[in-house]
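Work through these exercises with the model open. Each has a task and a stepwise solution.

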Amino acid sequence: MQSKFCDLVGIEFPLVAFSHCRDVVAAVSRAGGFGVFGATNGKMTPDQLKIELDWIDAHVDGRPYGLDIAVPENMADRDAEAVTTKALEAQIPDGHRRFVDDLLARHGIATDTAVDSDTDREIGHFLDTAERMVDEGLRHPIRLFVNALGKPPQFMIDKCHAAGVPVGALIGSKEHAMRQLEAGIDVLVAQGTEAAAHCGEVSTMVLVPEVVRALEAMGSDVPVLAAGGIVTGRQMAAVMAMGAAGAWTGSVWLTTSESDVHPAVRERLLAARSRDTLRSRAMTGKTARQLRSAWNEAWESKDSPGMLPMPYQYLLTHRALLLAEKSVDGGNDAARAMLTEGVGQGIGMVASAKSARTVVQEFMEDFADALERMSGLMEVEPC
Ligand SMILES: Cc1cc2nc3c(=O)[nH]c(=O)nc-3n(C[C@H](O)[C@H](O)[C@H](O)COP(=O)(O)O)c2cc1C
């Protein structure tokens, strides 16, 4: 396909799959899409990133893939050095801890069992760790490096460009797009409010043409990928009709057979309707779309002690959700109500678990059908 983005990253079909799961990333790239590994889950450190990217390199059959980190432009003390999870946890107010403990207890979830988040770790949101993540990423054959949550730090742009790797950034408004262009970004991911995780208020339907038009007006040829709510090939065709160079997706991969989400979370996602998500600070401390659950409803309720800023809120969420999953594994059905996940409104159209390869193939077929249907509208009947 003729697309600036395809040429830039070396693919034929501009379907991008963001995933925290290396198996999904490799499977999508092998199937002809472009997997992007999200190095942003609770256990990601520079050392862990090496392990994940080594694995992808060994399983992607030489196909191109990308990497995504989140270095928030607006986060207190992001230039503090050698910050670890334990040091941050020590600063969480007692009232917030009690609120979480009470909430978990009401769902029969024990708080005194060990979970993975108990391990003390560095956090990639902070500049010193992020720089080591960038260095590690660039030791691998990645074809695109993306930052979420604002302008990437200058070292990321400089190091990627020196290595010949294009840099992308997620944006939620036209104003964000302009700032990213000034910073020297090579790919914009215009993410509408329908999207999973951190998102703004403007819909994909409005944001994409708005950003494309603004770029055209200034003579910029930076490709714009559309994100938010896209779970089918016909939606991909629609955003490309609006000027996007491709689709950037996340939610649709959560329920694939390769995905490492907990089986009970997968079950809830497959049962979810498009109205079952909400935007809330309950998950990370910044506004993010997520599956409605007893966790976010409690934080949004009048009894809430108020959500903490990033990264503190995520530390509470991560541990609580791991405890809830463990409790479900132990046979406590009441814990299921607590389970949540970053997910977008498009999940309402995802009804069964399929392999990532099948999802890519269905995107391709549905995309082709949509194009055919549209060109059929233009055909003139012979008189
Ligand atoms: C569970 C989950 C976590 C996400 N975390 C990040 C992240 O850390 N960094 C990022 O750039 N995007 C993240 N996203 C957003 C995706 O990159 C993508 O923009 C979004 O999923 C697109 O909307 P969709 O979910 O409707 O397809 C996440 C998405 C999901 C599903």
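A salt bridge is a side-chain nitrogen of Lys or Arg within 4 Å of a carboxyl oxygen of Asp or Glu. The model is predicted. By this rule it has 18 salt bridges.

**Exercise 1.** Decide why the pair Lys 4 and Asp 221 counts as a salt bridge, and locate both partners.

Solution.
1. The closest N and O atoms are 3.7 Å apart. The cut-off is 4 Å, so the pair qualifies.
2. Lys 4 sits in helix H1 (residues 4-9), and Asp 221 in the loop between helix H9 (204-217) and strand S8 (224-227). They are 217 residues apart, so the pair links distant parts of the chain.
3. Lys 4 is partly exposed at 40% relative accessible area. Asp 221 is exposed at 54%.

**Exercise 2.** Place the salt bridge between Lys 50 and Asp 54 in its helix.

Solution.
1. The N to O distance is 2.6 Å.
2. Both residues belong to helix H3 (residues 46-59). They are four residues apart, about one turn of the helix.
3. Lys 50 is partly exposed at 39% relative accessibility. Asp 54 is also partly exposed, at 33%.

**Exercise 3.** Is Gly 192 buried or exposed? Find its contacts beyond four places in sequence.

Solution.
1. Gly 192 lies in the loop between strand S6 (187-191) and strand S7 (197-198).
2. Its relative accessible area is 0%. Buried means under 20%, so Gly 192 is buried.
3. Its contacts include Cys 199, Val 202, Leu 207 and Ala 227.

Terms used:
Residues numbered from 1 in each chain as written. Predicted model: local features only at pLDDT ≥ 70, side-chain atom pairs only at ≥ 80, totals over all residues. Heavy atoms only, no water. Helix = DSSP H or I, 4+ residues; strand = E, 2+ residues; numbered from the N terminus. Buried < 20%, exposed > 50% of the residue type's maximum accessible area, 1.4 Å probe, protein only. Contact = heavy atoms within 4.5 Å.
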